[in-house]
Structures are given as structure tokens and as C-alpha cells.
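Hi,

Here is the structure I promised to send over. Have a look at it first, and then read on for what turned up.

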Amino acid sequence: MPTRSDTAARYDAVVVGGGHNGLVAAAYLARAGWSVLLLERLGTLGGAAVSSQVFPGVDVRVSAYSYLVSLLPYRIVADLALPLQLVDRAVASYTPVRRAGRDTGLLVEREEGPATAAAFRELTGSDAEFAGWQRFYGRLTTLAEDLAPTLTEPLATPAELAGRLRDPRLWHDLRERPLADVVGDHLTDDVVRGIALTDGLIGTAADLHAADGLAGRCFLYHLIGNGSGRWRVPVGGMGAVSGAMATAARAAGAELLTGATVTALETREDGGTVHWTDADGATHAADAGHVVAGCAPTVLDELLGSPPGLRPSGSQLKVNMVLRRLPALRSGADPSVVFAGTTHVDEAAGQLDAAHAQSRAGRLPDVIPFEVYCHSLTDPSIVGDTGLHTVTLCGLHTPAELFAADNAGTRDEAVRRVVAQLDAHLAEPLADCLALDADGRPCLQASSPLDVEVSLAMPGGHIFHGDLAWPVADDPALAGTWGVTAAHPRVVAASSGGTVRGGAVSGLGGFAAAQHLLGRR
Ligand SMILES: Cc1cc2nc3c(=O)[nH]c(=O)nc-3n(C[C@H](O)[C@H](O)[C@H](O)COP(=O)(O)OP(=O)(O)OC[C@H]3O[C@@H](n4cnc5c(N)ncnc54)[C@H](O)[C@@H]3O)c2cc1C
């Protein structure tokens, strides 16, 4: 272990990791007058919330990892005066379906009107399923309205929280019963149930029939953002979100260093020393009154020399594409409507179960459930005047372990399957629509969880750094706290996985760490 440097600069706080949570923590602390140094190993800030030109010679800013925002509270946007534009999509989702030899599809509008009602009726043969859908999502909206304000408060006990809810039964059911059963109380059609259930599986390899709460927690966070659960498009891409946070931190006086890889943390009663290596390999150290861990908990354990905790395992296949034109659909639906929302492919409830069983048995699912979405239909600013479109694909039940023996080979096979599955609903092959990069290669870039781990230092490629937690003090010791405790009193967790409510692009991890350090209730 290196020793403390007598000449090291001293800061009130050193933030390890410049993901969006690290940036939010840095901004709040600097605005409160703290001296702050933030160290990020990559050449850019933002972690999984970034935009980049993924394909050489193709002048398009792709949200390379995360792409939609729901959980970032308006309070954080207002506190930090973030100049963000988050735009609603006109379409919530479209699900292409082949039934009785006919290509059709289920359209769900953002504001569910006559077209949505008609689509449900055509698919299911009556109005009952749409009524069940509206009842379920009505109940979820009530729960979201009650839960969202608690996310920016200290953690309540389960009893305190239940006392604030207008629908404690739904909260209880999501916590205690299998998600498949809760959804099954309201919906009967296999395709419709699947659309709802996917929110329990994003980045989470859960068994929908288990009462372990894993799928229920993932589902809940996908439905409660800002009291509506709406997933909005960040204008300018995800890089605009983390860029605004970085600007707020810098404007408040925080020093933000990129290309700075933290190699060790020493802790003392009055703080700690942070050691890092810069892009040229030179070593540096800084003393800190507090260390704020914007990196994943497993990374923090390694830096502290602590025994590593349980290693997480990511479960998603991520594919970025740039298209010359949007492909036509066999159903005849307008592609500029279909791809503006989340397009669910092979995500019927039975298909989700089959994929889970196969991945659990160590096999890449024969049919990989996935969803695709086109950012540039809602926000053309990211493609400029190129006339191109960006499409992102998120595959489910493709856990890291499946890629361990042969990452490239398994990734290629997974891409082959999802492209063939999508083609089954298209009137023209996807390959004919892909743009070409400067070297004449199709603009399609895929990442397994192992690839995400290598690029972002997200252990196991888990998009939340580990399984999500209920937004409540299930551990009585956490009641009334911000849920940011780490292994040492002078080290505070701020990241997605390090904090109780920090998952996804929410800033809630960084917010909670800052509130804890500033002693705010
Ligand atoms: C493919 C993908 C798709 C996703 N889609 C969405 C979505 O659409 N919407 C959504 O809300 N969420 C989405 N997520 C999840 C969300 O992006 C993450 O949960 C969130 O961005 C995590 O933020 P963070 O700041 O806590 O951590 P991170 O973004 O992981 O940032 C941690 C930072 O710490 C740095 N770091 C690590 N070790 C060191 C070290 N030793 N020294 C210095 N720096 C270090 C890393 O380089 C990184 O920049 C997605 C994630 C992925 C991967």
C-alpha cells in the first residue's frame, strides 16, 4: 500500500469516478462551498451516460449505453440548474405480432386514445384486456405519485412508507409476490403480459415466477420516475445530460480530471489519501476529508483492499446501429411511428420464460427477447443534416456467464439471432437499411455484458452495478439515513449500485451522498 504523500494537495472531498452520479455529488458539494477534486479513468466524463461518434466517418452522436431518462428528479435538475430538454415520445410502444398467419401489431400511444383501444381490441378480440391494462397502469401511476417524492428524502421505514401510500396492496404485492402473478391479476393475453413484464427484466436476469423481489424491484424503478414513470428522450443524447452535470460541477468550482485512474485509497480517522495514475503513467496523490465513491461498489472494495463483495452479473445485449432509412414493416405500420416508441420483439410472457430457462441452463436463448428504439425520430439534433437514424437494441436474458468461454463468438451469434428475429417482422432486411462507415462496414456495434465491463469498469457489465434495492429502509439501521454507507466513515458511496436508490440515470446516488455529507435532512 502506498504511503500518504506529505506534499499531496488536500480537498474537502475527492470523488472517485466521473459517471453522472459522481458529477452530481461533485456539483452539490462544490455549490455548498466544499473544495472538490473528481478523478475519472476514462478520457470523457459521464460513465454509462455518454454520447459518442461510434462509427468512423459517420457524423452521428450515439447515446452509446443508456439512452432514456425517467428517474432523474426534477428537484436535482432545478437545484443544479441543468439546462436539459427531456422530450416525451409520441408512442409508448409497438409490438409486432404474427397471429393466424397475419402480420399485425399492438400500438400503445403515449396518451392512450382510440387507436390504442382499437389495437388492443384487434389483437385480443375484446375490450377486456385494455380495461385491465388501464386499471393496472392507473394503480401504478398512483403508486408512482406516492413513491417518487420519497426518493429525495431520507429512507423511511417500511411501516412509515406503507402509511403514505394510497395503494399499499400493490406495494405489498410487488414486494412479496412473483411479478408474473401481479401482472397476471390484471392481464391475460400472452403478448400484453410480456410487454408489462419486460420492465422487470431490463438489466436484470430475474425469474418472473419467483417471490424473491428481484423482478419486482426492477419493475418498480421502471414505473415511478418523477411520479409518472415516463421515459423521456434527452435532446442532444445522453452526453447532454452528463455534460450539463459536469458544467454545473465546474461552474461551482470542482476540479474534474479525466484520464485519472484511481489505484488505491488509504483511510484515516480524519479522511483519506487517494492515489491515481494519469494518462502518461505518472502517479499522483491527494488528501481528502471525505472520499466519495462514484465507482461501482466492487471497484471500491478493490481500492480499499477489502474482501470483494458478491460479483454482479449483467444480463443485457446492447446493439447500436445507424440506419440510412427505417425499414418497412410486414404489418404495414408506419416505421416512423413504430420505432419512435419501444418496439418489443419476441417479448411475450411465454417467450420471456423460455429465454430465462435456457439462459439459466447456460445456453444463449434460441429466441432472444429484445426491444429497439430510434432516438433520432424524437430528437433529430443528434444526426444533424445527415438524414440518418440511430437505432438502439437491448436484449434480455443474455447474462455475462454465457459469453465467458467465447465472448466474440457468442456475441456474433446473439447478433445473428436478434437481426433474424427483427427481419421476421420487416418487409426488407435490416442489413439493407444499415448505413456504412468510412471503411465500408455496416454501422452495427454490439456489446455483451463483458464488453460493457471492459469499457466502463461496471463489474460483470451490470448496468446498475448490482441488483436494485427497494427504496425503503428494510435494514432498520438505514432508517432516517440517505442509504450511502460504505466500509469506512470517511468514505461515502454515491454510485448506482453503492446507494440504496441510486440505480439508472437518476443522479440519486450522487444526490444522496451529498445530502449525507452536508448533513441535510
Ligand atoms: C447498455 C446500458 C444501457 C442503459 N440504459 C439505460 C437507460 O436507457 N436509462 C437509464 O436510466 N439507465 C440506463 N442504464 C443504466 C445507467 O446508465 C447506469 O446505471 C448509470 O449511468 C450509472 O451511473 P453511475 O454514475 O452510478 O456509474 P457509472 O456510469 O458506472 O460511472 C462510474 C464511473 O467511475 C469510473 N471509474 C471506475 N473505476 C475507476 C477508477 N479506479 N478510477 C477512476 N474512475 C473510475 C468509470 O470509468 C465510470 O466513468 C444503462 C446502462 C448500460 C450499460
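Before the details, one definition: two residues are in contact when they have heavy atoms within 4.5 Å of each other. Also keep in mind that this is a predicted model.

Let me start with Leu-37, which sits in strand 2 (residues 36-39). Leaving out residues up to four places away in sequence, Leu-37 touches Tyr-11, Ala-13, Val-14, Val-15, Glu-255, Leu-257, Trp-276 and Ala-286. Is Leu-37 buried or exposed? Its relative accessibility is 2%, and the cut-off for buried is under 20%, so Leu-37 counts as buried. If you like C-alpha distances, the one between Leu-37 and Val-262 is 12 Å, for two residues that are 225 apart along the chain.

Next, the nonpolar cores. In soluble globular proteins, nonpolar side chains tend to be buried together. Here the largest nonpolar core has 136 residues, and those touching the most other members are Leu-29, Trp-133, Phe-136, Trp-171, Leu-174 and Val-292. Take Leu-29: setting aside neighbours within four places in sequence, Leu-29 is in contact with Ala-13, Trp-34, Val-36, Val-292, Ala-514, Leu-517 and Leu-518. Another core, of 19 residues, lies apart from the largest one, and its members include Val-14, Val-274, Ala-286 and Ala-288.

Now for the empty space. Rolling a probe the size of a water molecule over the atoms shows where such space is left. How many cavities of 30 Å³ or more does a search of the whole structure find? It finds 5.

- The largest cavity holds about 80 Å³ of space. Its lining is made up of Val-62, Ser-63, Tyr-67, Asn-320, Met-321, Tyr-373, His-375, Ile-382, Thr-390, Val-391 and Thr-392. Strand 4 (62-63), strand 13 (317-323) and strand 16 (389-395) are the elements giving two or more residues to that lining, and strand 16 has the largest share, with 3 residues. By class, the lining of the largest cavity has 6 nonpolar, 5 polar and no charged residues.
- The second largest cavity holds about 40 Å³. Around this one you will find Met-321, Leu-323, Pro-327, Phe-339, Val-372, Val-391, Leu-422 and Leu-430. The split here is 8 nonpolar, no polar and no charged residues.

If you compare the two linings, Met-321 and Val-391 turn up in both.

On to a pocket: the second largest has a volume of about 640 Å³. Of the 33 residues lining this pocket, Arg-311, Pro-312, Ser-313, Gly-466 and Asp-467 are the closest to its centre. Helix 11 (297-304) and helix 13 (349-360) each supply at least two residues of the lining. Which element gives the largest share? That is helix 11, with 4 residues. The lining of the second largest pocket divides into 13 nonpolar, 15 polar and 5 charged residues.

You may wonder about the cysteines. The search for disulfides over the whole structure comes back with 0. Cys-374, for one, is in no disulfide, as the nearest cysteine sulfur, that of Cys-433, is 12 Å away. Cys-374 counts as buried because its relative accessibility is 0%. Cys-295 also counts as buried, at 12% relative accessibility.

Last, a few loop residues. Ser-448 is placed in the loop between strand 17 (444-447) and helix 16 (449-456). With a relative accessibility of 0%, Ser-448 counts as buried. Not counting neighbours within four places in sequence, Ser-448 is in contact with Gln-316, Phe-403, Asn-407 and Arg-411.

The loop between helix 16 and strand 18 (491-493) holds Ala-457, and His-465 lies in the loop between helix 16 and strand 18 too. Each has a backbone angle to look at: phi of Ala-457 is near 55°, a positive value in a residue other than glycine, and His-465, not a glycine either, has a positive phi of about 70°. What about their accessibility? Ala-457 is at 28%, so it counts as partly exposed, while His-465, at 12%, counts as buried.

Cheers

Technical notes
Residues numbered from 1 in each chain as written. Heavy atoms only, no water. Disulfide = S-S within 2.5 Å. Buried < 20%, exposed > 50% of the residue type's maximum accessible area, 1.4 Å probe, protein only. 1 Å grid on protein atoms, 1.4 Å probe; cavity = no way out; pocket = protein on both sides within 12 Å on 5 of 7 lines; lining within 4 Å. Points joined across faces, edges and corners; volume = space filled by probe spheres on them. Nonpolar A, V, L, I, M, F, W, Y, C, P; charged D, E, K, R; others polar. Core = buried A, V, L, I, M, F, W, Y, C linked by side-chain atoms within 4.5 Å.
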